[in-house]
Amino acid sequence: ESLKNRKLFLATACGGSQFDRLDKAKNDAEVARFMPVLEVLGEMKSVGLIICPARGKPEMGLKELREDFVKNTGRRLAEKAAKCGTTIVLEPLQRAETPFLRQVADGAKMAQEIGPGCTVMGDFWHMTWEETSDMGAFISAGKYLQHVHVASRKNRNIPGTDGEADNYVEGFRGLKMIGYDKYVSFECGCPEDREAPITAALQLLREQWEQA
């Protein structure tokens, strides 16, 4: 109700998720926990619910985890999301956080296998450590790319606060090549004096988008 008639839009939602347990009942409970969330996101016209299938060291073997997520837990969530008019958005993390899903292309392949209601996102912070090419990563996702996160590339702060390291031109070029028309959102730390860094970040991203 609060969003009606306002220039605000709920792009995505995210929260802790874990679908790598050996106990099937626990994975089923995790699926059930997100079903009402997907209903709400559908009502609010969100582009999706960000899902990280595993964090830390998975209880399942990686092959078993992938098969179960693609054919069972992830598929059930995707089917529910599609019925609600939204998606689940797979987020590749970096190797310090998970050994399971670390590259955008892998997430896109899983989304393709799962079917309608499943998409993937790219996070410039994670991509800094896991991708050899930002542009290549986004091109590999193609039509399955649903969302993008951005942060400074050394300290995960406001874009621009890490100087020359904060270059997103190649990635933006990839987004343009696939006709990406959704959101690039900040997921980063923010200093107490927010106004100047955020204003500078917006200017930087606009300039780099034009350069791309």
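# A walk through the fold

Let us begin at a small turning point: Gly179, just after helix H6, takes a positive phi of about 70 degrees. Everything described here comes from a predicted model, so please read each value as one computed from that model.

Helix H6 itself spans residues 169-177, and it makes a good place to look around. Its buried residues are Val169, Gly171, Phe172, Gly174 and Leu175. What do these buried residues of H6 pack against? Their partners are helix H4, helix H5 (134-141), strand E5 (145-150), strand E6 and helix H7.

From here, turn to the sheet. Six strands make up an open sheet in the order E1-E2-E3-E4-E5-E6, and their pairing is parallel. Which strands stand at the edges? They are E1 (12-14) and E6 (184-186); each has a single partner strand, so one side of each is left without a neighbour in the sheet. On average, neighbouring strands of this sheet are turned by 35 degrees against each other, with direction ignored.

Now pick out one pair of strands. E3, residues 88-90, and E4, residues 118-123, pair in the parallel sense over three bridges. If you find Val89 on screen, you will see that it stands opposite Thr119 in E4. A helix joins the picture here: H3 (residues 104-114) packs on the sheet and touches both E3 and E4. The direction of H3 makes about 170 degrees with that of E4.

Strand E4 also leads us to a cavity. Searching the whole structure for cavities of 30 Å³ or more turns up one, and the largest cavity holds about 30 Å³ of space. Its lining is made by Pro92, Leu93, Arg102, Gln103, Val104, Met121, Gly122, Asp123, His126, Met127 and Glu131. Two elements, E4 and helix H4 (124-130), give two or more residues to this lining. Which element gives the most? That is E4, with three residues.

The aromatic rings offer another way through the model. A pair of aromatic rings is described by the distance of the centres and the angle of the planes. Across the whole structure, a search finds nine aromatic pairs. Take Phe9 and Tyr183 as one of them: their ring centres are 5.5 Å apart and their planes are at 15 degrees, so the pair is stacked, as planes under 30 degrees apart count as stacked. This pair links distant parts of the chain, with Phe9 in the segment before E1 and Tyr183 in the loop between H6 and E6, 174 residues apart. Phe9 is partly exposed, with a relative accessible area of 40%, and Tyr183 is partly exposed with a relative accessible area of 40%.

Phe172 and Trp209 form an edge-to-face pair, with 5.3 Å from centre to centre and 65 degrees between the planes. Phe172 lies in H6 and Trp209 in H7 (residues 195-211), so the pair ties together parts that are 37 residues apart in sequence. Is each of these two residues buried or partly exposed? Phe172 has 2% relative accessibility and counts as buried, while Trp209, at 29%, counts as partly exposed; the cut-off for buried is under 20%.

Finally, these two rings have company. Phe172 and Trp209 belong to one aromatic cluster together with Phe124, Phe138 and Tyr168. That brings us back to H6, where Phe172 is among the buried residues.

Note on methods
Residues are numbered from 1 along each chain as its sequence is written. This is a predicted model: local features need pLDDT of at least 70, side-chain atom pairs count only at pLDDT 80 or more; totals for chains, interfaces and linings use all residues. Side-chain values use heavy atoms; hydrogens and water are left out. Two strands pair if DSSP finds at least two bridges between them. Helices (H or I, at least four residues) and strands (E, at least two) are DSSP runs, numbered from the N terminus. Axes are lines fitted to C-alpha atoms, for helices over the stretch in contact, and angles run from 0 to 180 degrees between N-to-C directions. Contact means heavy atoms within 4.5 Å. Rings of Phe, Tyr and Trp (its six-membered ring) pair if their centres lie within 6.5 Å; planes under 30 degrees apart count as stacked, over 60 as edge-to-face and the rest as tilted. Buried means under 20% relative accessible area, exposed over 50%, partly exposed in between (1.4 Å probe, protein chains only). On a 1 Å grid over the protein atoms alone, a cavity is a set of points where a 1.4 Å probe fits but cannot get out, and a pocket is an open set with protein on both sides within 12 Å along at least five of seven lines; lining residues have an atom within 4 Å of a point. Grid points are joined across faces, edges and corners, and a volume is the space filled by probe spheres set on the points.
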